[in-house]
Amino acid sequence: MIEIICNGEDDNKSETVRGTTSIRRPKNIKQIGDVSSNRKIYIEDYAFTYINSVAYQAPDEEQAGVLLGEIQKSDEEKCLFIKGVIRAKSADSDSGQGIFFDEKVWNGIYAEIEKFFPDLQVVGWFASLPCVTPERMLYLRKVHLDNFAGNMKTLYLVNTAEKEENFYLYEGGELKKQKGYVCFYERNYEMQEYMLEKRGRKSVESPEKDKVMKSIRSIIQEKEEMKQQRRNTTFLYGVSSFMVLVVLVIGINLLNSYEKMKKFDKSLSSIAMEISNISEKEKDIQTSDGVVSVNKLSGDVYPTQEETSEETSSAASESTAPEDSKSEDGSADENNDESDSGQTQDAASTQTVYVVQKGDTIMSICKRFYGNTEKLNEIIELNKLEDANKLYVGQEIKLP
């Protein structure tokens, strides 16, 4: 016997559609044997457990009952779903008939169907025999044809001596054994109520037989515990997934923060290095003896306000000095040769000599006399300055 267990997630409402009809599949199933034919039998676990409990509780007795459920069909497949069981009243031991269904038996069965399973129909029957012989199979065939005629009406036969359970369908004039069936699990409250009702009746008649219902009760309790464990497992899985997600988010944030801190640390280091370089440059300027350090490409070192006023006054004295000498020595100038005076005026118009003061730079001198630094390179070449970044106080700079 082959058992295949399948726990579907969406099978409860899934539909296999062929043409215009559909078959609603159960959610959790256990396949027993081969069910590859186009006629499939499904039995609910409570019904399955109840039949076998009744059969093996009194293995030496012949017992029977009806199977309740529904039949679903599609264009290519027929499925029989068994969801309820009604046990038939046993015959009198003196009659010797064993299993039989008469009007009295059927009246009792229909009364219990109306009470416990009003929405289900008769889809077959079950029989429990201590010994299955060819003669007994002929009798079962007769009972089946007399009471359960139909292509999809089934017989569930339990051989208590051999401990064999099989389903039969009527095919070709015979009860043909099926290769397999499917046991499914769902909340079958109707069957639970029926079993509890029968348990109450049996507890008065025979306390020893109450063990059957105790075993059924324990099975029901185990199923409820399994359902609760599934719920707890699902909850724990959800909590674990949430915690993993939180840890990942925190880790990503920490990683981003670490990268930002590294960048911030690099920025602070670069700022500290720039500050140290600036302080070293200031020390070089203060300690240099009459030497002015200049960066001719990136910027100037401009004199202070006092130095600017001193330079302005010195430049004014230098510009007035030639006029004073000229006024005082006017007679001498008049005696000079006209050609010499012409050459001197041409030289004075083309070149000017400037004496470097404290705080002067090549760029500041160029801006002072020309308003910009376009003639900076020309001044450097004219004075043949090897290091244009250093000027000395009192140094004469020729201006073009």
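Begin by selecting Lys115 and Glu197, whose side chains meet in a salt bridge with N and O 3.6 Å apart. This pair links distant parts of the chain, since Lys115 belongs to helix α2 (residues 103-116) and Glu197 to helix α4 (residues 189-205), 82 residues apart. With the surface displayed, Lys115 counts as exposed at 51% relative accessibility, whereas Glu197 is partly exposed, with a relative accessible area of 30%. Keep in mind throughout the tour that this is a predicted model.

Now show the whole chain as a cartoon. There are 10 helices and 16 strands in the chain, and 32% of its 400 residues count as buried. Among the contacts with a separation of 6 or more, 71% are made by residues 24 or more positions apart. The accessible surface comes to about 25,700 Å², and carbon and sulfur atoms hold 51% of that area.

Return to the charged side chains, of which a search of the whole structure finds 11 salt bridges. Select Arg25 and Glu77 next: they form a salt bridge in which the closest N and O atoms are 2.7 Å apart. Arg25 sits in the loop between β3 (21-24) and β4 (28-33), and Glu77 in the loop between β6 (63-73) and β7 (78-87), so that the pair links distant parts of the chain, 52 residues apart. Are these two residues buried or exposed? Both Arg25 and Glu77 are buried. Then add Arg24, Glu70 and Lys83 to the selection, as these three are linked in a network of salt bridges.

A further stop is the pair Asp360 and Arg368, whose side chains meet in a salt bridge at 3.5 Å from N to O. Here Asp360 counts as buried at 0% relative accessibility, while Arg368 counts as partly exposed at 38%.

Turn next to the aromatic rings, for which the count comes to 18 pairs. Select Phe81 and Phe184: the ring centres are 6.3 Å apart and the planes stand at 75 degrees, so the pair is edge-to-face. Phe81 lies in strand β7 and Phe184 in strand β12 (residues 180-185), so this pair ties together parts that are 103 residues apart in sequence. Both ends are covered, for Phe81 counts as buried at 3% relative accessibility and Phe184 counts as buried at 1%.

From there, move to Phe101 and Trp125, whose rings have their centres 5.9 Å apart and their planes at 85 degrees, so this pair is edge-to-face. Phe101 lies in the loop between β7 and α2, and Trp125 in strand β8 (residues 121-129), so the pair ties together parts that are 24 residues apart in sequence. Phe101 is buried, with a relative accessible area of 11%, and Trp125 counts as buried at 0%. Extend the selection to Trp106, Tyr110 and Phe148, which ring pairs link with Phe101 and Trp125 into a cluster.

Finish at helix α10 (residues 376-383), where the buried residues are Leu376, Ile379, Ile380 and Asn383. Viewed down the axis of α10, these buried residues fall within an arc of 100 degrees, so they line one face of the helix. To see what covers them, display α9 (362-370) and β16 (396-399), which are included in that cover. The last residue to select is Lys384, which follows α10 and has a positive phi, near 50 degrees.

Conventions
Residues are numbered from 1 along each chain as its sequence is written. This is a predicted model: local features need pLDDT of at least 70, side-chain atom pairs count only at pLDDT 80 or more; totals for chains, interfaces and linings use all residues. Side-chain values use heavy atoms; hydrogens and water are left out. Helices (H or I, at least four residues) and strands (E, at least two) are DSSP runs, numbered from the N terminus. Buried means under 20% relative accessible area, exposed over 50%, partly exposed in between (1.4 Å probe, protein chains only). Contact means heavy atoms within 4.5 Å. Accessible areas come from the Shrake-Rupley method with a 1.4 Å probe; for residues, only the protein chains shown count as cover. The arc is that of the directions from the helix axis to the C-beta atoms. A salt bridge is a side-chain nitrogen of Lys or Arg within 4 Å of a carboxyl oxygen of Asp or Glu. Rings of Phe, Tyr and Trp (its six-membered ring) pair if their centres lie within 6.5 Å; planes under 30 degrees apart count as stacked, over 60 as edge-to-face and the rest as tilted.
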